[in-house]
Amino acid sequence: MRFKRKINKNNEDKDNGKNSIKSVLADEDGNFSIIASSLLLIGFLLLSIIVLNIAIEERNESHEIISSNNYQYVMNDYIRNLPILEREALEELSEEVMKNKRPCLDSKSDLKEIVDGKLSDYNKQYYDNYNIQINSSLIAIENTSNPFSYKFKTYIRSVKGDYSFENIASSDVDCIGLKDPVPLLYCKSYHGLSLNDTDYNYGDSLSEFLKSNGVENYSFYINASSPLIIKKCPFDPYKHHGDDNGKVMKNCRDNGYYHESRDGACYLCRLEGKSGCEHYGFETFINPQKTNETGRVSACGSDHVIFSDDIYPGVEVIYYSENGLNEILYLDPHGHKVKYGMSGF
Ligand SMILES: [Zn+2]
Ligand SMILES: [Zn+2]
């Protein structure tokens with residue numbers, strides 16, 4: 001009807017132009033506002049529902065974020081403590097070797113046993129304190145380009161409620177400050193070996209050991225000494241040991257430092273009673289007793305030479321003299337003398 005009326009009106013007002021269109025709009029105003037308000041109301045309701053839903057979801061989500069952040073924080077803390085735990089295990093193994101005077105058959109597998117035991121206690125603590133279930137174990141110990149440091153790899157899987165976490169954590173574990181068991185393991189059956197907090201004092205043990213290995217001037221190592229504690233020599237490059245008239249070497253020997261060496265054993269192989277190994281390792285020197293004699297020759301004083309099946313000779317190198325007594329090393333002229341910058345001595 002309205003449509004019709006509109007046509008009539010259009011016909012009637014054919015000549016009135018703009019005025020007739022205006023009146024049509026005015027006529028429909030009532031219906032139009034009802035529809036518009038309804039649409040607006042529906043829109044508003046829909047919007048409210050959406051907004052409310054989002055708000056609820058956000059609340060749940062933020063709750064989840066807080067609990068997952070907390071979980072992540074606890075797991076990060078767990079991983080941060082692994083190097084400490086693993087270093088403790090290395091020290092325990094080292095102390096065991098020293099105490100029993102017996103080398104490990106397989107230091108990596110012994111170490112894994114100790115670390116896994118510690119991890120299991122550690123995981124129990126995390127379950128008791130945080131209700132997080134953790135399974136972890138040491139899966140690899142790798143030598144690195146730094147012979148004083150190993151890479152320990154630990155597999156970790158943990159679960160808390162809906163969350164789970166899986167990771168292989170890498171820790172740097174070093175042997176600095178631990179005891180070197182090599183002299184003890186080689187000389188234990190010879191009389192006279194003793195040790196204090198910092199050094200081995202060989203008494204007659206080393207000379208007897210050298211004698212039984214066919215070294216001619218074995219007696220030059222009576223009352224020799226060598227370091228007990230692994231300390232990395234800071235005088236690098238090593239050819240500076242001869243600097244300042246030998247005072248650098250004097251400082252090095254007074255402190256009992258160890259040096260990187262391809263021929264010397266790494267720490268884990270030392271725990272197996274080896275003085276040399278296929279890994280990049282380190283060496284230290286055996287210091288003969290101070291002497292007033294000169295020009296002597298005996299076994300080369302690098303520990304991987306002295307404690308080996310192939311002991312070769314070294315010439316006397318005097319790096320310090322006081323009151324007529326010389327502090328010396330026996331070094332092979334073309335190897336260790338050159339490496340440590342002692343060729344002029
Ligand atoms: Zn040094
Ligand atoms: Zn090794």
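**Entry 1. Terms and model.** I take helices (H or I, at least four residues) and strands (E, at least two) as DSSP runs, numbered from the N terminus. On that basis I place Asn 245 in the loop between E6 and H6. The model is predicted, and I kept this in view throughout the entries below.

**Entry 2. Overall content and confidence.** I counted nine helices and 11 strands in the protein. Of the 345 residues, 31% are buried. I then looked at contacts between residues at least 6 apart in sequence, and 55% of these join residues at least 24 apart. The mean pLDDT is 89, and 83% of the residues reach 70 or more. Residues 1-26 have a pLDDT below 50, and beyond near neighbours in sequence this stretch has six contacts in the model. Where pLDDT is low, the predicted coordinates should not be read in detail. I therefore drew no detail from residues 1-26, where the pLDDT is below 50.

**Entry 3. The E1-E2 hairpin.** I looked up how strand E1 (residues 133-143) meets strand E2 (residues 149-160): the two run antiparallel and are joined by 10 bridges. The connection is a hairpin through five residues. Asn 143 of the chain stands opposite Tyr 150 in E2. As background, strands of a sheet pair through backbone hydrogen bonds, either parallel or antiparallel.

**Entry 4. The sheet E4-E5-E6.** I next traced an open sheet of three strands in the order E4-E5-E6, with antiparallel pairing. Strand E4 (194-195) and E6 are the edge strands, and each pairs on one side only. Between E4 and strand E5 (residues 199-201) I found two bridges in the antiparallel sense. Within this pairing, Leu 195 has Tyr 200 in E5 as its bridge partner.

**Entry 5. The sheet E9-E10-E11.** Another open sheet has three strands in the order E9-E10-E11, and its pairing is antiparallel. Strand E9 (297-299) and E11 each have a single partner strand, so one side of each is left without a neighbour in the sheet. From one strand to the next, the twist averages 50 degrees. E10 and E11 run antiparallel and are joined by seven bridges. Ile 318 has Ile 328 in E11 as its bridge partner.

**Entry 6. Helix H5.** Is H5 mostly covered or mostly open? I find that H5 is mostly covered, since six of its eight residues are buried. These buried residues are Ser 205, Leu 206, Ser 207, Glu 208, Phe 209 and Leu 210. They pack against H4 and E9. After H5 comes Gly 214, which has a positive phi near 80 degrees.

**Entry 7. Nonpolar cores.** I asked which residues have the most contacts inside the largest nonpolar core. That core has 34 residues, and the ones with the most contacts inside it are Tyr 202, Leu 206, Leu 210, Tyr 221, Ala 299 and Leu 329. At least two of its residues come from each of helix H4 (182-187), H5, H6, helix H8 (303-306), strand E10 (313-322) and strand E11 (325-331). I followed Tyr 221 further: leaving out residues up to four places away in sequence, Tyr 221 touches Tyr 202, Leu 206, Ser 207, Leu 210, Ile 286, Pro 288 and Ser 298. Apart from the largest core lies another, of 23 residues, and its members include Ala 89, Cys 104, Tyr 267 and Phe 282. In soluble globular proteins, nonpolar side chains tend to be buried together.

**Entry 8. Backbone exceptions.** Most residues other than glycine have a negative phi, and most peptide bonds are trans. I therefore looked for departures from both habits.

Asn 223 is not a glycine, yet its phi is positive, about 60 degrees. This residue lies in the loop between helix H5 (205-212) and E6. How exposed is Asn 223? With 15 other C-beta atoms within 10 Å, Asn 223 is partly exposed.

Asn 245 also is not a glycine, and its phi is positive, about 60 degrees. Asn 245 has 12 other C-beta atoms within 10 Å, and it is exposed because the cut-off for an exposed residue is 12 or fewer.

Which residues does a cis peptide bond join? The cis bond joins Asp 236 and Pro 237, with omega about 5 degrees. I located Pro 237 in the loop between strand E6 (225-227) and helix H6 (247-255). The loop between E6 and H6 is also where Asn 245 is found.

Definitions and conventions. Residues are numbered from 1 along each chain as its sequence is written. Chains are lettered from A and ligands numbered from 1 in the order in which they are written. Two strands pair if DSSP finds at least two bridges between them. A residue is buried if 20 or more other C-beta atoms lie within 10 Å of its own, exposed if 12 or fewer, and partly exposed in between; C-beta atoms are placed from the backbone. A nonpolar core is a set of buried Ala, Val, Leu, Ile, Met, Phe, Trp, Tyr and Cys residues joined through C-beta atoms within 7 Å. Two residues are in contact if their C-beta atoms, placed from the backbone, lie within 7 Å. pLDDT is the predictor's confidence in each residue, from 0 to 100. Axes are lines fitted to C-alpha atoms, for helices over the stretch in contact, and angles run from 0 to 180 degrees between N-to-C directions.
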